[in-house]
Protein chains: 4
Amino acid sequence: MADRRILTGEKIVVEIGNLKIGTNHPPVYIAGPCSVESKEQIMETALTLKEIGVDILRGGVFKPRTSPYAFQGLGVEGLEYLKEAGEAAGLPIVTELMDEGHMDIVAEYADIIQIGSRNMFNYSLLKTIGSLNKPILLKRGMCATIEEWIMAAEYIAVHGNKNIILCERGIRGYDNYTRNTLDLAAVPIMKKETGLPIIVDPSHGTGIRELVEPMSKAALACGADGLMIEVHPNPPCALSDGHQSLTFEEYRQLRRNK
Amino acid sequence: MADRRILTGEKIVVEIGNLKIGTNHPPVYIAGPCSVESKEQIMETALTLKEIGVDILRGGVFKPRTSPYAFQGLGVEGLEYLKEAGEAAGLPIVTELMDEGHMDIVAEYADIIQIGSRNMFNYSLLKTIGSLNKPILLKRGMCATIEEWIMAAEYIAVHGNKNIILCERGIRGYDNYTRNTLDLAAVPIMKKETGLPIIVDPSHGTGIRELVEPMSKAALACGADGLMIEVHPNPPCALSDGHQSLTFEEYRQLRRNK
Amino acid sequence: MADRRILTGEKIVVEIGNLKIGTNHPPVYIAGPCSVESKEQIMETALTLKEIGVDILRGGVFKPRTSPYAFQGLGVEGLEYLKEAGEAAGLPIVTELMDEGHMDIVAEYADIIQIGSRNMFNYSLLKTIGSLNKPILLKRGMCATIEEWIMAAEYIAVHGNKNIILCERGIRGYDNYTRNTLDLAAVPIMKKETGLPIIVDPSHGTGIRELVEPMSKAALACGADGLMIEVHPNPPCALSDGHQSLTFEEYRQLRRNK
Amino acid sequence: MADRRILTGEKIVVEIGNLKIGTNHPPVYIAGPCSVESKEQIMETALTLKEIGVDILRGGVFKPRTSPYAFQGLGVEGLEYLKEAGEAAGLPIVTELMDEGHMDIVAEYADIIQIGSRNMFNYSLLKTIGSLNKPILLKRGMCATIEEWIMAAEYIAVHGNKNIILCERGIRGYDNYTRNTLDLAAVPIMKKETGLPIIVDPSHGTGIRELVEPMSKAALACGADGLMIEVHPNPPCALSDGHQSLTFEEYRQLRRNK
């Protein structure tokens with residue numbers, strides 16, 4: 001392990017308005033669709049999730065898709081829908097930033113900026129957001145080691161921004177039964193090594209709807225500071241990741257069983 | 001997935017004396033040293049663990065070590081020590097079988113026969129124990145897929161023995177921060193696919209003492225039917241796996257926090 | 001790396017009759033079907049391969065199949081067919097041994113005993129064949145590290161048998177485009193570390209017929225002492241591994257292009 | 001596999017001046033240090049490599065290092081040194097681009113723009129360089145599947161630029177004996193699937209100096225259109241990757257043995 005570090009393990013609590021994320025605070029619930037698809041879809045989702053009990057609304061507008069021919073997100077238009085929906089429901093919003101060109105507008109609209117798995121090794125982007133005064137949700141790279149993930153957080157921190165929430169979202173494994181291998185041991189490890197709050201995304205972490213609830217329970221049991229879960233009004237019609245999204249009812253059930 | 005199956009998902013409960021392992025039964029606690037090292041060591045361990053609250057005593061006597069020059073276990077002598085200790089403490093015992101030549105004596109002494117990770121693909125051994133009337137603890141191969149693990153269980157079941165307890169013990173990953181990658185999603189998956197009870201071994205699954213407790217909690221939270229944990233009277237002096245073994249006090253603590 | 005070793009890197013040449021396998025000897029060509037399926041199939045194969053130019057005939061009679069419901073090989077009957085075919089063509093034969101119960105008969109019939117990928121960690125079997133005076137073909141375990149593979153060879157060597165031919169046959173990877181990831185760097189590494197001859201199996205190593213020839217060339221270019229290739233009279237009708245088997249014509253072509 | 005594709009398998013030859021890279025053209029030799037460290041270092045390297053016989057000079061000036069505290073490259077200053085050295089030796093140059101902010105200057109100076117392993121999933125960057133009229137060297141992501149790598153090339157091609165040279169540089173594996181697992185089967189696969197030229201980087205692909213020559217031979221044997229190799233005037237003093245860099249003499253030897 002590299003020995004120079006800003007993130008030494010001392011506990012860091014990230015605040016979004018009145019919401020506090022980190023050790024000794026209740027788990028934070030982030031939910032919403034993989035992609036913002038229309039004004040109506042995200043508005044309905046925001047209002048329903050607020051009623052069920054969610055702390056932060058998620059929704060992708062710039063989508064890093066494997067194929068250039070797949071739906072790439074609604075872009076700035078989607079960002080506006082997301083913002084409106086969050087305001088109507090009284091929920092802060094988190095969305096992914098893919099390049100510096102959109103940094104100003106994303107920073108203006110979003111309460112938390114997500115760095116996705118595919119960009120965890122994009123050091124230019126990490127350096128740039130390190131100078132922002134804005135909470136960052138840093139997903140683990142799809143094959144990042146613990147050391148590489150810590151160092152990605154250091155790239156942000158060393159440029160001034162320690163408001164980082166880590167997110168374990170599964171790593172690449174040899175078995176395609178699940179979409180990824182959810183590495184829950186990373187939760188206690190990263191908390192101890194960095195002191196940062198860490199949440200878990202069981203939707204991407206498994207890719208299978210039925211596994212979202214048991215893995216959510218496991219994540220909280222080993223110390224996760226929150227959960228990010230994909231919820232969609234009508235998963236079979238989702239433009240991306242429908243097979244791993246919960247319906248509103250399934251999400252309501254998951255919250256009840258906690 | 002192959003379509004022919006004995007293990008169809010219908011729930012199976014494995015009984016060892018009065019102990020019932022499986023869905024809707026309380027989690028089973030298996031503990032003990034990696035290796036039986038002496039009569040005194042295993043006797044002290046058995047009595048102490050019984051007092052702390054353990055259901056089954058584990059201890060290796062035939063050890064599948066990577067190097068032929070490493071301690072290979074006490075063999076039949078160790079089996080006798082283990083049996084004596086189990087009887088003194090009133091605990092059933094589980095130990096690993098590595099080859100057919102020892103099958104009769106292991107079947108005579110042990111209450112549960114363990115098939116270790118390195119032998120999950122040893123189909124000859126699986127067929128042979130399939131004809132025994134004895135519970136089998138089937139560990140997941142270190143890089144076995146879900147499909148391969150199910151099929152290993154089928155190899156046992158098709159020869160007549162459905163008394164199988166699965167054990168997730170971590171799979172091989174790209175990061176050597178931990179010894180293995182504990183794949184907890186396998187717990188709900190294997191329960192649904194096979195109906196068999198499944199326990200988790202967080203000691204091998206992480207290789208790090210401090211991670212045993214959080215991963216134990218996570219395992220039970222996602223539905224594991226029990227835990228197998230390495231405990232040693234004096235971990236720094238253990239002949240194998242000392243770095244991942246709990247002391248008696250650490251194990252007592254873990255049981256209290258459950 | 002463990003420091004005690006019989007296999008120190010000093011060059012070892014394995015002899016089968018007049019055939020010499022190892023550094024500074026011409027590459028050895030091993031070919032034949034995945035499974036011996038009938039007397040006619042293996043006899044036709046042996047005679048044709050002899051005419052094309054093969055040094056050793058391979059054929060499986062005890063098959064370690066993932067599913068207990070898949071074809072398990074012809075057993076001793078197949079061994080007799082293989083022996084007859086080898087004798088008719090004047091070719092030594094190699095076949096896999098899966099358990100100690102068949103050791104005597106396999107040692108009697110076969111010129112080389114293969115330990116398959118699934119049994120590289122079967123230390124009981126390794127110890128037993130270590131006492132034989134018979135060349136061993138030791139395939140790499142499907143997720144064995146270099147260290148573990150060396151130590152498996154040491155298990156054999158320490159019991160007296162240094163007539164070991166290593167075989168790289170692909171390791172488990174995250175991409176299912178190919179069946180395995182052929183790790184050719186293992187060729188110069190294992191030669192240097194152990195001094196043993198090493199051959200490559202591009203059939204299992206890729207699982208794709210079209211890749212067998214380019215990967216054969218690559219294997220020899222980086223120092224492999226031979227090639228083991230699956231050839232079948234009629235691949236689409238093979239009882240196992242038909243998609244990766246060459247026809248006689250394809251194999252003849254491969255030998256010409258070398 | 002996604003069915004829409006610009007890169008259909010039809011052969012594409014990339015031209016840099018008089019140099020032609022691709023099927024039916026002699027292999028291209030790219031060499032140079034991991035990092036440009038000083039004007040003298042890169043000038044000496046360029047002139048020596050020209051004399052030994054190199055087609056293209058490589059040198060990193062923007063370095064994607066795991067740790068933010070490691071040497072990050074000389075930046076634009078290094079680019080000037082690299083350009084001067086290339087001109088003095090009469091060699092075209094290739095260097096890595098990490099963010100869009102440097103695109104204009106890199107495009108102005110470099111003859112080929114490299115997209116490194118960590119940015120293969122940086123779709124914003126891929127889209128941007130897709131509009132350049134400049135050859136691109138697209139390294140495989142450290143855990144990219146064949147499908148993901150093809151799609152990364154499509155991201156570039158769909159924006160108008162088909163002058164893409166692929167580069168296999170090893171993928172992440174479970175064994176840390178080597179730095180990466182060099183996946184040479186990707187060479188014939190990617191050539192067939194995309195029609196693009198593909199070169200191999202055995203320096204990163206193994207991380208071990210002694211393996212560079214055997215793996216270079218293997219790469220060419222299975223059809224690689226060229227080799228990219230790290231060469232440094234004084235490897236033990238290199239600011240990055242010294243353990244895998246060849247000396248001038250070692251590189252001269254490698255070229256002679258081809």
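Here are some exercises with worked solutions on a predicted model.

## Exercise 1: Two helices in chain B

Work out how helix H1 (residues 39-52) of chain B packs against helix H2 (residues 76-89) of chain B.

**Step 1.** Start with the general idea: two packed helices are described by the angle between their axes and the distance between the axes.

**Step 2.** Read off both values. For H1(B) and H2(B), the angle is about 30° and the axes are 9 Å apart.

**Step 3.** Put a word to the angle. Angles under 35 degrees count as roughly parallel, so H1(B) is roughly parallel to H2(B).

**Step 4.** Add the handedness: H1(B) and H2(B) make a right-handed crossing.

**Step 5.** Find who touches whom. H1(B) brings Lys39(B), Ile42(B), Met43(B), Ala46(B), Leu47(B) and Lys50(B) to the contact, and H2(B) brings Tyr81(B), Leu82(B), Glu84(B), Ala85(B), Ala88(B) and Ala89(B).

**Step 6.** Sort them by class. The contact of H1(B) with H2(B) has nine nonpolar, no polar and three charged residues.

## Exercise 2: Same recipe, chain A

Describe how helix H1 (residues 39-52) of chain A meets helix H9 (residues 248-256) of chain A.

**Step 1.** H1(A) and H9(A) pack at an angle of about 25°, and their axes are 10 Å apart.

**Step 2.** That angle makes H1(A) roughly parallel to H9(A).

**Step 3.** The crossing of H1(A) past H9(A) is right-handed.

**Step 4.** On the H1(A) side, look for Glu44(A), Thr45(A), Thr48(A), Leu49(A), Glu51(A) and Ile52(A); they meet Phe248(A), Tyr251(A), Arg252(A) and Arg255(A) of H9(A).

**Step 5.** By class, the contact of H1(A) with H9(A) counts four nonpolar, two polar and four charged residues.

## Exercise 3: Parallel or oblique?

Decide which word fits helix H5 (residues 146-157) and helix H6 (residues 186-194) of chain C.

**Step 1.** H5(C) and H6(C) pack at about 45°, with their axes 11 Å apart.

**Step 2.** Roughly parallel needs an angle under 35 degrees, and roughly perpendicular needs 65 to 115. H5(C) and H6(C) are therefore oblique to each other.

**Step 3.** Their crossing, H5(C) with H6(C), is right-handed.

**Step 4.** In H5(C), Ile146(C), Trp149(C) and Ile150(C) meet Ala186(C), Ile189(C), Met190(C), Glu193(C) and Thr194(C) of H6(C). The residues of this contact between H5(C) and H6(C) divide into six nonpolar, one polar and one charged.

## Exercise 4: Strands

Is strand E10 (residues 226-230) of chain B enclosed or open, and which strand pairs with it?

**Step 1.** Check burial. Five of the five residues of E10(B) are buried, so the strand is largely enclosed by the rest of the structure.

**Step 2.** Check the directions. Gly226(B), Met228(B) and Glu230(B) point one way from E10(B), while Leu227(B) and Ile229(B) point the other way.

**Step 3.** Look for the partner. Strand E3 (residues 28-32) of chain B pairs with E10(B) in the parallel sense over five bridges. In that pairing, Ala31(B) has Ile229(B) as its bridge partner.

**Step 4.** Now try chain C. Strand E5 (residues 93-96) of chain C runs parallel to E6(C), and three bridges join them. Val94(C) stands opposite Ile112(C) in E6(C). Ile112(C) and Gln114(C) point one way from E6(C), Ile113(C) and Ile115(C) the other, and all are buried.

## Exercise 5: Residues in loops

Place Asp241(B), Asn119(C) and Lys162(B) in their loops, and say how accessible each one is.

**Step 1.** Asp241(B) sits in the loop between E10 and helix H9 (248-257) of chain B. Its relative accessible area is 13%, so Asp241(B) is buried.

**Step 2.** Look at the backbone too. Most residues other than glycine have a negative phi. Phi of Asp241(B), however, is near 60°, a positive value.

**Step 3.** Asn119(C) is in the loop between strand E6 (112-115) and helix H4 (123-129) of chain C. At 1% relative accessibility, Asn119(C) counts as buried. Among the residues that Asn119(C) touches are Asn122(B), Glu96(C) and Leu125(C).

**Step 4.** Lys162(B) lies in the loop between helix H5 (146-157) and strand E8 (164-168) of chain B. With a relative accessible area of 42%, Lys162(B) is partly exposed. Its contacts include Ile6(B), Ile12(B) and Leu196(B).

Key
Residues numbered from 1 in each chain as written. Chains lettered and ligands numbered in written order. Predicted model: local features only at pLDDT ≥ 70, side-chain atom pairs only at ≥ 80, totals over all residues. Heavy atoms only, no water. Axes fitted to C-alpha atoms, helices over the stretch in contact; angles between N-to-C directions. Helix = DSSP H or I, 4+ residues; strand = E, 2+ residues; numbered from the N terminus. Parallel < 35°, antiparallel > 145°, perpendicular 65-115°, else oblique. Left-handed = near helix turned anticlockwise from the far one by under 90°. Contact = heavy atoms within 4.5 Å. Nonpolar A, V, L, I, M, F, W, Y, C, P; charged D, E, K, R; others polar. Buried < 20%, exposed > 50% of the residue type's maximum accessible area, 1.4 Å probe, protein only. Pairing = 2+ DSSP bridges. Lists of a residue's contacts leave out its neighbours within four places in sequence.
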